[in-house]
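Subject: The two-chain model, with notes

Hi,

Here's the structure I promised to pass on. Have a look at it first, and my notes follow underneath.

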Amino acid sequence: MASVHGALLDLKRLDRLAGGDTPLHRLDPRAKVLATLVFIVCVVSFGRYELSALIPFFIFPVSLVAAGRLPAGYLAAKVALVAPFAIAVGICNPFFDRGILVHLGALDITGGWVSFASIVLRTALTVGAALTLTALTGFASICRALVRLGMPKAFAMQLLFLYRYLFVLAEEGGRASRARELRSFGRKGSGLASYASLLGHLLLRTWQRAERMHMAMLARGFTGDFPSAQGGRFGAREVVFVLFWSALFITLRLYNGAELLGTLVTVYLS
Amino acid sequence: MHMADALLSPTVGATMWAVSAGGVALGSARLRREHDDRLAPLMGVLGGFLFAAQMINFSIPGTGSSGHLTGGLLLAILLGPSAAFLTVASVLMVQAFFFADGGLLALGCNIFNLGMIPALLVYPLCYRRLIGPEPGRRREVVVTMLAALLAMQLGALCVVLETTASGVSALPLDKFLLLMQPIHLAIGLVEGAVTLAVVSFLRKARPELLARGSAPSAASGRLVLAGFLVCALFVAGGLSRFASVKPDGLEWSVARVSGEASLPEHRSGLPVLLGALQRRTAWFPDYRSVSAAAPVLTPAPASAGPQPLPVSGKGSGAAGVAGTALTVLLVAGAALLLRRGNRGALPPRA
């Protein structure tokens, strides 16, 4: 997220994906939110040395991406972009956790490396699932789903307002930041003094915008609530979707799918 | 940057979700009571402002690094605690959904750390109490810096506690503390300086804006205090928390650890892992003969003699690799099928 403009482009692209029209896009957002939450909790609840049991979980983001016709490469790149953070923390594990965990002939693999690999896998899974959810549902629908799942209305309104004006404000901030960069080639001018007045001016303009918006909204009869779009129905398809995925995740959590499969194959081969 | 799902245990994540959800409910209820419909659009655009401001950096002279605003304290000064808290929380939510900053389970921790601590804890209990009605310049400087430092230190402390409680990362508590706290001292100084500079700017430009947040409401302060006592008891009852960190700080400290402690091992470690992978894959077809040769290959550590252990280890290792590979194939196959089926079902639209 180095530059405001880059982040904004990224945001817009992800946002546009939610406009797709596949059965998954049309599914009630609550179903997708619930399934994703169950998924994340299941993935995160594994012990720190778990590797192979995590692999089968890729079925969820991968099949959603495929069925929702999302650009897989773009999402994978986004996941990889987030990964360095988890890697930075996880890379400490090999230094502090030196107990030998796995013997592979002459090779001993310490617990630290195993848990590091596990952290990387978890990151890929959880981040992938979250991004897939956003790309399939769209932020406004997620907010509506969360309200119907019990989120306070005032907070939902804040989220929707933020979402509407985020783009405007980010563009304004990006322009101000670019103007400052152009005027301060070298270092002079990029210090705290000009930063503070840049932020201050941005804040003032933001405030004035809010006042204008408020008047415009009053003029149009704003009563303190967004008219909520008629929500979808939590019908049979939604129930099936949630039940199927939850059952799958819990099964995969309880039984190591990859290892079972591997044992089966190796026994059969030998 | 924020805390990541991958480093959280579900207990810790769920606890922090509950605490943050309680905070959001409390803040929303108080906003509803205030009935100030000017506040809704204002909070929305200020969230957008915060989002933009967090991505604009300034260079810190003499260090070659750069800093930026985090904003919890600034918003609390401008809007009052509960509106500021909801604004920060909404920004964190957008970041979690669109940039996967942190992730969905870690959202609770992030909201607690970046929103609750500065807006609902440090601002009403420290800043507002100390700043007084007509602060002089020196008092304002001292109190703002103190509040910013306190917020950052508490946040960093929460990160450390949370990491340790989750047990996914193996960083020892004392080392992590020693690295995080000093870095966040610096980050807190930056935050304090920026907050102070922006507030002074606003005081000169539009002093009436600063009146809003400082309008005291004793009852709400007490409510917040009570809420925090409950939270503290909850946490003291055995659950600890993770909170989010600024990216630069955490990554920097991590680099310090790995740089100081054992870079050479890091170098030798990766090839070891790769070698292991290679051997695994190479041995798999000949799985039986390998297990027969195992005792010979094992470099006789006197205690680790027993034969069945390495054999069984390798057996499950081979099964694990095979299963993993097969699962990956299956997942890929399912994806292909789904994509194709989809294409058949829905004619691609232009």
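First, a definition: two residues count as in contact if their C-beta atoms, placed from the backbone, lie within 7 Å. On that basis, residues 24 or more positions apart account for 78% of the contacts in chain B with a separation of 6 or more. For chain A, 76% of the contacts between residues at least 6 apart in sequence join residues at least 24 apart.

Some housekeeping. This is a predicted model, with local features needing pLDDT of at least 70 and side-chain atom pairs counted only at pLDDT 80 or more, while totals for chains, interfaces and linings use all residues. Residues are numbered from 1 along each chain as its sequence is written, and chains are lettered from A and ligands numbered from 1 in the order in which they are written.

**Overall layout**

Helices (H or I, at least four residues) and strands (E, at least two) are DSSP runs, numbered from the N terminus. Chain A has 12 helices and two strands, in the order α-α-α-α-α-α-β-β-α-α-α-α-α-α. Its radius of gyration is 24 Å, well over the 18 Å that the globule rule gives for 270 residues, so chain A is more spread out than a compact globule. (That radius is taken over C-alpha atoms, and the rule is 2.2 Å times the number of residues to the power 0.38.) The C-alpha trace of chain A spans about 75 × 55 × 30 Å along its principal axes.

Chain A is split into domain 1 (4–151 + 234–269) and domain 2 (164–222), with bounds that come from an automatic or database domain assignment. The centres of the two domains, taken over C-alpha atoms, are 36 Å apart.

Chain B also has 12 helices and two strands, but here the pattern reads α-α-β-β-α-α-α-α-α-α-α-α-α-α.

For burial, I call a residue buried if 20 or more other C-beta atoms lie within 10 Å of its own, exposed if 12 or fewer, and partly exposed in between, with C-beta atoms placed from the backbone. Buried residues make up 49% of the 270 residues in chain A and 48% of the 350 residues in chain B.

**Chain A up close**

Helix 4 (residues 59–67) of chain A is mostly covered, with seven of its nine residues buried: A:Ile59, A:Phe60, A:Pro61, A:Leu64, A:Val65, A:Ala66 and A:Ala67. After helix 4 comes A:Arg69, in the loop between helix 4 and helix 5 (72–90) of chain A. Most residues other than glycine have a negative phi. The phi of A:Arg69, however, is positive, near 50°. A:Arg69 counts as buried, because it has 20 C-beta neighbours inside 10 Å.

Helix 12 (residues 257–269) of chain A agrees with its expected length: its 13 residues should span 18 Å at 1.5 Å a residue, and its end C-alpha atoms are 18 Å apart. (The expected span is 1.5 Å times one less than the number of residues.) Its buried residues are A:Gly257, A:Ala258, A:Glu259, A:Leu261, A:Gly262 and A:Thr266.

A:His201 is in helix 10 (residues 192–219) of chain A and is partly exposed, because it has 13 C-beta neighbours inside 10 Å. A:His201 and A:Arg48 are 153 residues apart in sequence and 48 Å apart in space, C-alpha to C-alpha.

**Chain B up close**

How far does helix 5 (residues 107–131) of chain B span between its end C-alpha atoms? Only 31 Å, where a straight helix of 25 residues would span 36 Å. There is a kink of about 60° at B:Tyr123 in this helix, shortly before the proline B:Pro124; the bend is the angle between axes fitted to the seven residues ending at a residue and the seven starting there. Since 20 of its 25 residues are buried, helix 5 of chain B is largely enclosed by the rest of the structure. Just after helix 5, B:Gly132 takes a positive phi of about 75°.

B:Val190 is in helix 7 (residues 173–205) of chain B and is buried, with 22 other C-beta atoms within 10 Å. Leaving aside neighbours within four places in sequence, B:Val190 is in contact with B:Ile60 and B:Gly67. The C-alpha atoms of B:Val190 and B:Ile60 are separated by 8.7 Å, though the two lie 130 residues apart along the chain.

**Between the chains**

B:Ala335 is in helix 12 (residues 308–345) of chain B and counts as buried, with 20 C-beta neighbours inside 10 Å. Beyond its neighbours within four places in sequence, B:Ala335 is in contact with A:Val62, A:Ser63 and A:Ala66.

Cheers
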